[in-house]
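Student: Please take me through one part of this model at close range. I would like the sheet and its surroundings, strand by strand.

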Amino acid sequence: MAEIIDGKAVAAEIKQKIKERAERFLALRGRRVGLAVVKVGEDPASAVYVRNKIKACEQCGIASSAFYFDADIEQSKLIELIHTLNADANIDGILVQLPLPKHMDERAVLAEISPEKDADGFHAVNAGRLFLGEKTRFVACTPRGIMELIRSTGTEIAGKRAVVIGRSNIVGKPIAMLLLAADATVTVCHSKTKDLKEITKTADILVAAVGKPKLVTADMVKRGAVVIDVGMNRADGTLCGDVDFDGVSKVAGHITPVPGGVGPMTIAMLLQNTVDGAFDE
Ligand code: NAD
């Protein structure tokens with residue numbers, strides 16, 4: 001049976017260190033680390049995420065400022081706020097909760113966030129630095145958290161075969177870049193990939209970021225592999241991942257549960273990015 005990777009426990013340890021760093025920042029600079037959280041519209045999942053992010057800030061001694069807009073707000077108004085926050089010396093990180101309403105151009109909005117305050121790491125400058133293998137203080141939170149989870153297993157990443165299922169800008173592509181930077185041999189699979197199983201079966205490290213319940217079954221997994229399930233699929237009021245946990249946990253060496261795996265790490269890494277940003281300014 002696979003060892004379960006306890007994302008909650010790893011995140012709690014990291015949050016404790018973040019809290020200590022936030023206290024040190026306050027003592028040194030005479031103000032708290034500040035995160036601005038912007039939400040547009042009433043998407044129920046976004047409301048939960050934003051609430052959890054604000055709660056986590058409170059736990060770690062980070063000052064959060066929340067800005068909520070109705071779904072029909074003009075894009076120019078949102079950009080105006082972002083410019084104000086960019087110029088605000090008390091704000092170290094800015095987070096615009098996605099998805100934005102349909103009438104907005106998400107990329108255009110995210111491009112307005114200063115790359116120096118890009119807590120989510122989605123700005124082209126920070127994504128580009130990651131692609132170039134340059135040091136960047138802002139790395140997309142979910143991928144950054146996945147790397148921590150893999151490291152928490154004690155697995156040596158260098159030289160391993162890593163397979164990522166999914167090629168989104170927020171998970172698939174950045175986690176592929178981070179694994180490559182850690183010297184894994186990386187394959188990225190997606191909706192047009194043929195013979196998915198033949199590829200996933202070669203993986204020492206398998207990351208599933210698709211959004212399809214139980215897409216990854218036991219016959220697709222190499223014995224002893226580290227399996228990271230990013231999927232968050234809501235069905236019949238319950239949350240389930242992209243991995244068939246019951247079957248795959250009989251084959252894998254380590255596996256993340258859903259919930260309690262990647263999710264708690266995403267928030268911890270948002271706070272880590274913000275505190276890193278504050279110290280680095
Ligand atoms: P996305 O919809 O942007 O991308 C999904 C990817 O899966 C695409 O690249 C697509 O090519 C690929 N894909 C679709 N069907 C496939 C198939 N049959 N075989 C192989 N590849 C296939 O999704 P995303 O934003 O990357 O999110 C993926 C999942 O991760 C979702 O369930 C999302 O809710 C979850 N997620 C969780 C967290 C977290 O903190 N736990 C963070 C971000 C996303």
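Tutor: What follows starts with the sheet, then moves to two helices and the ligand.

This is a predicted model. Begin with the open sheet. Three strands build it, in the order 3-2-4, and their pairing is parallel. Strand 3 (63-69) and strand 4 (93-96) are at the edges. Each has a single partner strand, so one side of each lacks a neighbour in the sheet. From one strand to the next, the twist averages 15°.

Now take strand 2, residues 34-40. With strand 3 it runs parallel, joined by 7 bridges. Across that pairing, Ala36 stands opposite Ser65 of strand 3. With strand 4, strand 2 also pairs in the parallel sense, over 4 bridges. There, Val38 has Val96 of strand 4 as its bridge partner.

Helix 3 (residues 75-87) packs on this sheet. Helix 3 touches strand 2, strand 3 and strand 4. The direction of helix 3 makes about 180° with that of strand 2.

How enclosed is strand 2? Here 7 of the 7 residues are buried, so strand 2 is largely enclosed by the rest of the structure. In a regular strand, side chains alternate between the two faces of the sheet. The residues of strand 2 can be sorted by direction. Gly34, Ala36, Val38 and Val40 point one way. Leu35, Val37 and Lys39 point the other way. All of these are buried, Lys39 included. Val38 thus appears twice in this picture: as a buried residue, and as the bridge partner of Val96.

Next, helix 1, residues 7-29. Helix 1 has 23 residues and reaches 32 Å from its first C-alpha to its last. That is close to the 33 Å expected at 1.5 Å a residue. At the N-terminal end, Asp6 is the cap: a side-chain oxygen lies 3.1 Å from the backbone nitrogen of Lys8. Just past the other end, Gly30 takes a positive phi of about 75°.

The buried residues of helix 1 are Gly7, Val10, Ala11, Ile14, Ile18, Ala22 and Phe25. An α-helix has 3.6 residues a turn, so residues three or four places apart point the same way. The cover over the buried residues of helix 1 includes helix 2 (44-60), helix 6 (141-152) and helix 10 (262-280).

Helix 6 deserves its own look. Helix 6 has 12 residues and reaches 16 Å from first C-alpha to last, close to the 16 Å expected at 1.5 Å a residue. Helix 6 is mostly covered, with 9 of its 12 residues buried. Among them are Cys141, Pro143, Arg144 and Met147. The cover over the buried residues of helix 6 includes helix 1, helix 7 (172-181), strand 7 (205-208), strand 8 (226-229) and helix 10. Gly154 follows helix 6, and its phi is positive, near 80°.

Last, the ligand. Of the 21 residues around the ligand, Arg167, Ser168, Ser191, Met232 and Thr266 come nearest. Arg167 has a backbone N or O atom 2.8 Å from an oxygen atom of the ligand. Val230 has a backbone N or O atom 3.4 Å from an oxygen atom of the ligand. Lys212 uses its side chain: a polar atom there lies 3.2 Å from a nitrogen atom of the ligand.

Definitions and conventions: Residues are numbered from 1 along each chain as its sequence is written. This is a predicted model: local features need pLDDT of at least 70, side-chain atom pairs count only at pLDDT 80 or more; totals for chains, interfaces and linings use all residues. Side-chain values use heavy atoms; hydrogens and water are left out. Two strands pair if DSSP finds at least two bridges between them. Axes are lines fitted to C-alpha atoms, for helices over the stretch in contact, and angles run from 0 to 180 degrees between N-to-C directions. Contact means heavy atoms within 4.5 Å. The expected span of a helix is 1.5 Å times one less than its number of residues. Buried means under 20% relative accessible area, exposed over 50%, partly exposed in between (1.4 Å probe, protein chains only). A polar contact is a pair of N or O atoms within 3.5 Å; within protein, one must be able to donate a hydrogen and the other to accept it, and residues adjacent in sequence count only if both atoms are side-chain atoms. A residue is near a molecule or strand if one of its heavy atoms lies within 4 Å of it.
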